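Trainee: Got a minute to walk me through this one? I'd like to start with a single residue pair and work outwards.

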Amino acid sequence: MQGQSQQQAYDRGITIFSPDGRLYQVEYAREAVKRGTASVGIRTPDGVVLAADRQVSSSLMEPSSVEKIHKADDHVGIASAGHVADARQLVDLARRRAQGEQLRYGQTIGVETLTRAVTDHIQEYTQTGGARPFGVALLVGGIDDGEPRLFETDPSGTDYEWQAAAIGSNRNEIQDFLEEQYQPDADLEAGIELALRALGSADDEPVSAENVDLATIDTEDETFQTVSQERLESIVAEIDQPDAEESDE
Amino acid sequence: MQGQSQQQAYDRGITIFSPDGRLYQVEYAREAVKRGTASVGIRTPDGVVLAADRQVSSSLMEPSSVEKIHKADDHVGIASAGHVADARQLVDLARRRAQGEQLRYGQTIGVETLTRAVTDHIQEYTQTGGARPFGVALLVGGIDDGEPRLFETDPSGTDYEWQAAAIGSNRNEIQDFLEEQYQPDADLEAGIELALRALGSADDEPVSAENVDLATIDTEDETFQTVSQERLESIVAEIDQPDAEESDE
Amino acid sequence: MQGQSQQQAYDRGITIFSPDGRLYQVEYAREAVKRGTASVGIRTPDGVVLAADRQVSSSLMEPSSVEKIHKADDHVGIASAGHVADARQLVDLARRRAQGEQLRYGQTIGVETLTRAVTDHIQEYTQTGGARPFGVALLVGGIDDGEPRLFETDPSGTDYEWQAAAIGSNRNEIQDFLEEQYQPDADLEAGIELALRALGSADDEPVSAENVDLATIDTEDETFQTVSQERLESIVAEIDQPDAEESDE
Amino acid sequence: MQGQSQQQAYDRGITIFSPDGRLYQVEYAREAVKRGTASVGIRTPDGVVLAADRQVSSSLMEPSSVEKIHKADDHVGIASAGHVADARQLVDLARRRAQGEQLRYGQTIGVETLTRAVTDHIQEYTQTGGARPFGVALLVGGIDDGEPRLFETDPSGTDYEWQAAAIGSNRNEIQDFLEEQYQPDADLEAGIELALRALGSADDEPVSAENVDLATIDTEDETFQTVSQERLESIVAEIDQPDAEESDE
Amino acid sequence: MQGQSQQQAYDRGITIFSPDGRLYQVEYAREAVKRGTASVGIRTPDGVVLAADRQVSSSLMEPSSVEKIHKADDHVGIASAGHVADARQLVDLARRRAQGEQLRYGQTIGVETLTRAVTDHIQEYTQTGGARPFGVALLVGGIDDGEPRLFETDPSGTDYEWQAAAIGSNRNEIQDFLEEQYQPDADLEAGIELALRALGSADDEPVSAENVDLATIDTEDETFQTVSQERLESIVAEIDQPDAEESDE
Amino acid sequence: MQGQSQQQAYDRGITIFSPDGRLYQVEYAREAVKRGTASVGIRTPDGVVLAADRQVSSSLMEPSSVEKIHKADDHVGIASAGHVADARQLVDLARRRAQGEQLRYGQTIGVETLTRAVTDHIQEYTQTGGARPFGVALLVGGIDDGEPRLFETDPSGTDYEWQAAAIGSNRNEIQDFLEEQYQPDADLEAGIELALRALGSADDEPVSAENVDLATIDTEDETFQTVSQERLESIVAEIDQPDAEESDE
Amino acid sequence: MQGQSQQQAYDRGITIFSPDGRLYQVEYAREAVKRGTASVGIRTPDGVVLAADRQVSSSLMEPSSVEKIHKADDHVGIASAGHVADARQLVDLARRRAQGEQLRYGQTIGVETLTRAVTDHIQEYTQTGGARPFGVALLVGGIDDGEPRLFETDPSGTDYEWQAAAIGSNRNEIQDFLEEQYQPDADLEAGIELALRALGSADDEPVSAENVDLATIDTEDETFQTVSQERLESIVAEIDQPDAEESDE
């Protein structure tokens, strides 16, 4: 609707409104998110699953160093998509905030409170000049008073709560897949499977376990736990041969 | 009246006057408000109704996280339209201001005083360089000395007091509807109904209860109360079959 | 005399001089004043009258919230025209300044001193970068040592003292009307009438009482007093039927 | 000599040198001075005369509020031409400086010292970015150790000492007139007459007393004194009918 | 995909997003890295090898002053590629950080922790205005709890962990060579040989020992050690005549 | 060599290098120096002579206020050419520096030390943004340990020591004249004559005493002394009729 | 490879990367170095020689004031090429740094440490906005623990160690000459001769002693010593008539 030369006028320098009320720098930051590989979050009654597709560009690179899933606190994990270095800043902020809560009040921070601390920081970078917005989206999952919670933050500083959500590359396709397949009462194990199948859904081929980073925060332990590569491989194998597995059980 | 290339010259960088005395960045911020879904406020002798249309983009998104109505203090609620993350900043400012009044003077803050604190903050962002204006309009409703009050703030930092007002998408159509239908002496229940019908008026079809966020602050309790989804559904049902309902009573 | 493309070069960014020694941002701020509805001030031997045309855009808007006349101190009132949120900042500055004088020196501030505090603040915004000028003109009326005083401030930070003055929309027409009709020795009552007739003079039809905000500061009480809507209506009625009224007396 | 498009390149943003070593913003500020009505200063052995042409735009405006001549200290007056609000800032600076000298050292400030304080401030605004130069010229007159002194400040921050000088509109014509008519040993009375005739010289018609602001600082009282409107009228009358006056004497 | 004139719009001034979500200044900083001579890092079970190609432009220049490999702490070395002066700033930061850890906690800093301190600093320069990104990539090698670690930092502030990695000129060719030749269980001596052969691989001719800077941090001593020029020469000789050498042994 | 449109690109905003390594703002500041009337300095074994051509634009201006020669300390004088208000800032800096030396160390400041303090300040304005360079050159003359010294400062912040030097308008012509006529062992009186003849040399006609400001600092008194107008007139007369004078002697 | 209009886009305002990873402002600063007259440094086993070509533009200028060789500490000298006033800032920095080392630790500063302090400062000006890079290169020569050291700093903030190096005008020609003629084991006397011949090598004619500034720091005294004009003249004479000289010996 808006011509290209017109658009150019509003997307430079500090973040300002275009005539139709848009913040182009924020929208471009959303494009930076889309350039990142996908992450998904699944909320089950037993806990939250965070899974991320990590593209390792060389066989000599340590897959573990392509960090897409981060522990923010004992009971909170964060998956990211987009600008990697920006994500680390926000994860660090979340960690400091969680530690501060522990130190000052002697209690674990709420997942929603923690998400808000992050989105307030993100929003500030979209309004005050002299800096660009954060080019990253996050999925913040954890346990609040025994309840699993899953939040998304976007580059505008808005947060949303989800049952299951995808961010990053092919977000729309994966979200469609989740909407079709998500079952609210499935258990954590099923949530892990759904997460892995969702990451593979956009390419119409199963993900390979070595390209996936996956963690859970369950309601029992309320503890962030990375799922081992071995277990991932066995689950991926199950997904590929669902009939065989079913007959096993 | 003003050519496009001419206009472009005045809407970049910091907020400055155009030759005809307009502040384009503020006007564009108003466009950001129009891009948000509508909110309405209704003042009745028994209290204030705040209602908002919340568009939930996915069946997996928690509707409650698309926050459009916020509690600012026990006796004050705020409905917003426009840039969500900006709205949260202003709501937070209002909360801190209300708490400060309580702490410093041991008394609840007046609704008008609170609104002014917010609009002073908004105005500053339209005059001092290095930041963009807030892309959000608010409806601030509450009880002052037993009297229901309803204020609107706009992106220029101006506030207005209303009997009934709409902000956001389709503002003009909804405001026209309110001007036709508003009855100053109707009770709170009627106010809730009017708010729901007003939100549906632009689309010429009734709103669905699940897409509405609604709260009241009545003169008796002087307390912000969210109306439950169940009650909203029954009221919406009444609106759709007004004759049947009437015969029930 | 000056071509358009040439002019454009001097009206962006910070407030700087054009080759012919003009400050375009200040001149554009004056245009913002003209976009506001008119206010008039009348000085009589018995006191000062401040009156403002307030345009209420909807029947549901509280006319009182379209604030055009403000009490700055017990003995000083301010009428404004132009950018509403800017006016509020200057009125707040005047109030703080008046209170400060009371607190520090235990005496009421002079009307001229108060006006200067405001215009010094306005001037600063026309010289130092990083902010735009104030888009508002004020009429500051009050009593100094028993003497009625009436000052105007403009967006350049200049102040003028008047017997009777108009600011805002149709300023020139209303000022011409005042120059013809003003009688220095008329009493306050006549001043109120003149103010109302002046506001209506540009449209060649009488003002409606409900669209007018009017206050007086008389030499006896030295107190800012808003004239009630009822009294305004009766005065407007008198104006409309001057012969009938005269015969009544 | 310099084309227009070339010139434009050097007169924006902060005050910088053009290729031929000029500071355009300072030169444009000089244009702002020329846009102001004229002021003249006359030094006589008995004291200094400051006179200013004040254009009152409406019969309802208080001429006294179109302030062109200011008392800076008991023994120093300042006449201005150009941007009125800028002039007020410099006069306030001069007053604070004079009071500071009194407070710190218990002595009246020298006229030259005071002028330098003002021009140092003006210079700073021509070199450091983030602000525009002052658009005003001043004539600073007073008594130093019994000697009358008369200084001019210009927008570059330069000061000059004069026997008789004009600033503002028609400066050149009035200065030519002064060069022809000035007599170093004429008394203060003759100085007042010369000032009034000088102000009228550019229009080839006598000034009207009501449009003139005139003050003297004589060597006897060393005190700034405004000349009353009545006395101005009688002097102007003398000027208009010099023969009749002479025969009277 | 993106035209050149379009691209230019997003790569000036502060670091901002382009419409497709890229940070051009960061990408150009990556070009600055490619302009620097290559460095490689090899991780073996016995320790880490850092090697750099140093181009000495004159026979009179001290090769040792073309510093490409730096000791950051006793157990950590850093190889750089790109803007030399920028590299020194980051190495100094790493040193201060390592010393601070020693002083505050009395323990050696972890290699990963140290790398993060560096990448956090790099990231800040890509988001906050008023400075350009760092035009340098680093290979940080060292021993963590007896384990050899090798990290890369890039100009976006991202870090990756590697078994073997190349940065700088001909990075892709050298990385391909490493992927073919790297053997995870080769000893440190073999690692040194591989590093030297990798540096020569892009030119298809063996490196000359005098143009190489090489250091190791082995798991036994956990100490950064520069390999002497003599030893380098003998190893290079071995590489050139592998058959002869083998028969010698 | 460099086209005009190319050049324009490097001479705006802050002081930056052009592709050929020039600082245009500094070069333009040198043009500002050339726009000022000339000053000359002559070093003789008996002391230093500073002389300046002062153009008085009106017969009513006090020549003494067109200050070109300034006393910086008892034993140091400064002559200037260029932007008058800038010169005053540097002279004030020199005075404060000289007084500070006296206060802190109880000794007179060296002429070279003083000159360096000034040029350090000038240099800073050519490198740090947010201000323009100083548009003035100075000749600093004085006595150091009984030795006459004469320094020049230019707008880049460089200083040079001279036997005899000219700055400002016609600098090259006057410097050529000085190179031809200067005799290192001539006495102070001859130095004064040479200075006056040098100032007149560019116009090929003798200077008029009233347009000259001249001061000496001799090795005997080590004191800055202004040469009186009377003495200047008699010396100029001598210069005009050298033969007559010679025969007189 | 890169067109001119393209290049212009990256060399204005703050120092940023061009698409091919270059910092144009730094490269232009290198051009400023080339505009300065040449300096050379020679390291011999007995000490370091610093020599500079100083162009004296007038016979009346004191050659000593065209300072190209500076004493930074007792045992360190600095030769410069490029922007003279910039060089002075860096030399002053070096002096303060050397004095600080003496004061804080009671020991002389290392030549390499001192050079790094200078290049760190230079680097900062190439990365942080609001200032231009330093337009100067330095040769820092001195004695470290009895060993002669010679470093070069360039405008990017890089330093190199040399046996013999040239900076400034004709750098490449002189460096070629040095590479041909330099003998590592020649004594200090031969080093002085080589320096003088190198300075003359670009013009193919011997330098004149009066245009040369030359200093040595030898390993015996570890003291910066300027070589007198007389001695320079005799050495230059020797160079011109090498045969005659040799036969004399």
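Mentor: Sure. This is a predicted model, so keep that in mind throughout. Start with A:Arg30, which makes a salt bridge with A:Asp154; their closest N and O atoms are 2.9 Å apart.

Trainee: Why does that pair tie together parts that are far along the sequence, and where do the two residues lie?

Mentor: A:Arg30 is in helix α2 of chain A, residues 24–35, while A:Asp154 is in the loop between β6 (147–153) and β7 of that chain, so the bridge links parts that are 124 residues apart in sequence.

Trainee: And what lets side chains pair like that in general?

Mentor: Side chains that carry opposite charge can pair when their charged atoms come close.

Trainee: OK, how many salt bridges does the structure hold over all chains?

Mentor: The total over all chains is 142.

Trainee: Let's move to the interfaces. What does the contact between chain A and chain B take from each side?

Mentor: Chain A puts in 35 residues and chain B puts in 34 residues. The area buried between these two chains is about 2900 Å², and carbon and sulfur atoms give 52% of that.

Trainee: How many salt bridges cross the interface of chain A and chain B?

Mentor: Four. One to look up is A:Arg43 with B:Glu62, where the closest N and O atoms are 2.8 Å apart.

Trainee: And how many residue pairs in polar contact?

Mentor: There are 16 such pairs across the interface of chain A and chain B, with both residues at pLDDT 80 or more.

Trainee: Which elements of chain A supply at least two residues to the side that touches chain B?

Mentor: Those are α4 (111–127), β7 (159–161) and α5 (171–181) of chain A. The largest share is six residues, and it comes from α4(A).

Trainee: How does that side divide into nonpolar, polar and charged?

Mentor: On the side of chain A that touches chain B you get twelve nonpolar residues, 15 polar and eight charged.

Trainee: Now swap partners. What about chain E and chain A?

Mentor: That contact uses 35 residues from chain E and 35 residues from chain A. Together the two chains bury about 2900 Å², with 52% of it on carbon and sulfur atoms.

Trainee: Salt bridges there, how many?

Mentor: Four between chain E and chain A. A:Arg88 and E:Asp159 form a salt bridge, with 3.2 Å between the closest N and O atoms.

Trainee: What's the count for polar contacts between chain E and chain A?

Mentor: It comes to 16 residue pairs, again with both at pLDDT 80 or more. On the side of chain E that touches chain A, the elements giving two or more residues are α4 (111–127), β7 (159–161) and α5 (171–181) of chain E. Of these, α4(E) gives the most, with six residues.

Trainee: And how do the residues on that side of chain E divide?

Mentor: Into twelve nonpolar, 15 polar and eight charged, for the side of chain E that touches chain A.

Trainee: Changing topic: what order do the strands of the chain B sheet come in?

Mentor: Five strands make an open sheet in chain B, ordered β3-β4-β5-β6-β7, with antiparallel pairing. Its edge strands are β3 (69–73) and β7 (159–161) of chain B, each pairing on one side only. Neighbouring strands are turned by 25° against each other on average, direction ignored.

Trainee: How many bridges pair β4 with β5 in chain B?

Mentor: Seven bridges, in the antiparallel sense, between β4 (residues 76–82) and β5 (residues 136–144) of chain B. For a landmark, B:Ile78 has B:Val140 in β5(B) as its bridge partner.

Trainee: Which helix packs on that sheet?

Mentor: Helix α3 of chain B, residues 84–105, which touches β3, β4 and β5 of chain B; the direction of α3 makes about 20° with that of β3(B).

Trainee: Last stop, chain F. How many bridges join β3(F) to β4?

Mentor: Four, and β3(F) and β4 (residues 76–82) of chain F run antiparallel. Within that region, F:Ile69 stands opposite F:Ala79 in β4(F).

Notes:
Residues numbered from 1 in each chain as written. Chains lettered and ligands numbered in written order. Predicted model: local features only at pLDDT ≥ 70, side-chain atom pairs only at ≥ 80, totals over all residues. Heavy atoms only, no water. Contact = heavy atoms within 4.5 Å. Buried area = accessible area lost by both parts, 1.4 Å probe. Salt bridge = Lys/Arg side-chain N within 4 Å of Asp/Glu carboxyl O. Polar contact = N/O pair within 3.5 Å; in protein donor to acceptor, adjacent residues only side chain to side chain. Nonpolar A, V, L, I, M, F, W, Y, C, P; charged D, E, K, R; others polar. Pairing = 2+ DSSP bridges. Axes fitted to C-alpha atoms, helices over the stretch in contact; angles between N-to-C directions.
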